[in-house]
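Reader: I have a model to go through and want the reasoning behind each label. Please show it to me.

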Amino acid sequence: MRVRVEIVGSQKINAGQRQIFQALLDPKVLKESVPGCSEAEYAEIPWAPESGRHIRLVISPNFPGMSGPYEIFIKPEDLIEPSHLVLKCSPSSAVGSIDARCIVALVDEGPQTTINYLTTATLGGKLALTPEFVIKTAVKGALDHFFKNLEKRIA
C-alpha cells in the first residue's frame with residue numbers, strides 16, 4: 001500500500017534570504033536545528049540512484065512507533081541561490097518508506113525572509129497505514145521546532 005501526502009506552509013524568519021539559503025545546506029546548522037538530529041555531514045553516495053553530494057542526517061524522531069535512530073540522505077537540487085532549492089530524500093526502514101520532495105522558495109522581505117515550502121511524499125509500508133492527520137500533525141510540529149531552532153541558530 002502506498003499513500004501520497006502533501007504538506008504546504010510558510011514561515012517568517014528574522015534573517016536574510018542568502019543567510020537562510022546557506023543555513024539550509026549547512027550540516028552544522030541542520031544538526032542543531034532538526035529535532036532529534038544527532039549527526040549531520042556531507043556524504044557521497046555512489047550506490048544511490050542519484051549519485052553525488054548528499055546531506056547525511058541521523059535522526060531519532062519523536063513520533064509514535066518511530067524511535068530511531070534513522071539514517072537519512074537528503075539530495076539538494078535545483079539550487080538557485082539565494083531564492084530556491086529542492087530537497088529530496090527516500091529513507092526506508094522496517095517501519096516503511098518515504099519518497100519525499102520539498103520545494104523551498106525564499107522571499108526576501110528586508111530584515112525578514114519568508115520560507116514557502118511544498119512537500120510531497122509517498123509513504124509505503126506501515127507508515128502508509130498511519131492516518132494522514134496524524135502524519136501532518138507530527139510533521140507540522142517538527143517543522144515548527146525546526147524553524148524556531150533555525151532562527152535561533154542564525155539570528
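Author: Start with Ala23, which is found in helix H1, residues 17–23. Bear in mind that this is a predicted model.

Reader: Why is Ala23 called buried or exposed?

Author: Buried means under 20% relative accessible area. Ala23 has a relative accessible area of 3%, so it is buried.

Reader: Which residues is Ala23 in contact with, leaving aside neighbours within four places in sequence?

Author: Val29, Leu30, Leu150 and Ile154. Contact here means heavy atoms within 4.5 Å.

Reader: How far apart are the C-alpha atoms of Ala23 and Gly125?

Author: They are separated by 33 Å. Along the chain, Ala23 and Gly125 are 102 residues apart.

Reader: Now Glu109. What makes it buried, partly exposed or exposed?

Author: The partly exposed class lies between the buried cut-off of 20% and the exposed cut-off of 50%. Glu109 has a relative accessible area of 35%, so it is partly exposed. Glu109 lies in strand E7, residues 96–109.

Reader: What does Glu109 contact, and how far is its C-alpha atom from that of Gln17?

Author: Leaving aside neighbours within four places in sequence, Glu109 is in contact with Lys12 and Thr114. The C-alpha atoms of Glu109 and Gln17 are separated by 8.3 Å, although these residues are 92 apart along the chain.

Reader: How many disulfides are there, and how do you know?

Author: Zero. The rule asks for a pair of cysteine sulfur atoms within 2.5 Å. Cys89 is in no disulfide, and its nearest cysteine sulfur, that of Cys102, is 9.1 Å away. From the side of Cys102, the closest cysteine sulfur is in Cys89, too far for a bond.

Reader: Are those two cysteines buried or exposed?

Author: Buried. Cys89 has a relative accessible area of 19%. Cys102 has 15%. Both values are under 20%, so both residues are called buried.

Reader: What is the phi of Asp78, and where is that residue placed?

Author: Phi of Asp78 is near 50°, a positive value in a residue other than glycine. Asp78 has its place in strand E4. Its relative accessible area is 43%, so Asp78 is partly exposed.

Reader: Which kind of peptide bond runs from Glu81 to Pro82, cis or trans?

Author: It is cis, with omega near 5°. Pro82 lies in the loop between strand E4 (70–80) and strand E5 (84–89).

Reader: Step back to the whole chain. How many helices and strands does it have?

Author: Three helices and eight strands. From the N terminus on, the order is β-α-α-β-β-β-β-β-β-β-α.

Reader: What makes the chain as compact as a globular protein of that length?

Author: The radius of gyration is 15 Å. The globule rule gives 15 Å for 155 residues, and the two values are close, so the chain is as compact as a globular protein of that length. The C-alpha trace spans about 45 × 35 × 25 Å along its principal axes.

Reader: What percentage of the residues is buried, and what share of contacts is between residues 24 or more positions apart?

Author: Buried residues make up 41% of the 155 residues. Pairs 24 or more positions apart account for 53% of the contacts with a separation of 6 or more.

Reader: How far apart are the mean positions of the positive and negative charges?

Author: They are 3 Å apart, for 17 positive and 17 negative charges.

Key: Residues are numbered from 1 along each chain as its sequence is written. This is a predicted model: local features need pLDDT of at least 70, side-chain atom pairs count only at pLDDT 80 or more; totals for chains, interfaces and linings use all residues. Side-chain values use heavy atoms; hydrogens and water are left out. Helices (H or I, at least four residues) and strands (E, at least two) are DSSP runs, numbered from the N terminus. The radius of gyration is taken over C-alpha atoms; the globule rule is 2.2 Å times the number of residues to the power 0.38. Buried means under 20% relative accessible area, exposed over 50%, partly exposed in between (1.4 Å probe, protein chains only). Lys and Arg count as positive and Asp and Glu as negative; His and the chain ends are not counted. The place of a charge is taken as NZ of Lys, CZ of Arg, CG of Asp or CD of Glu.
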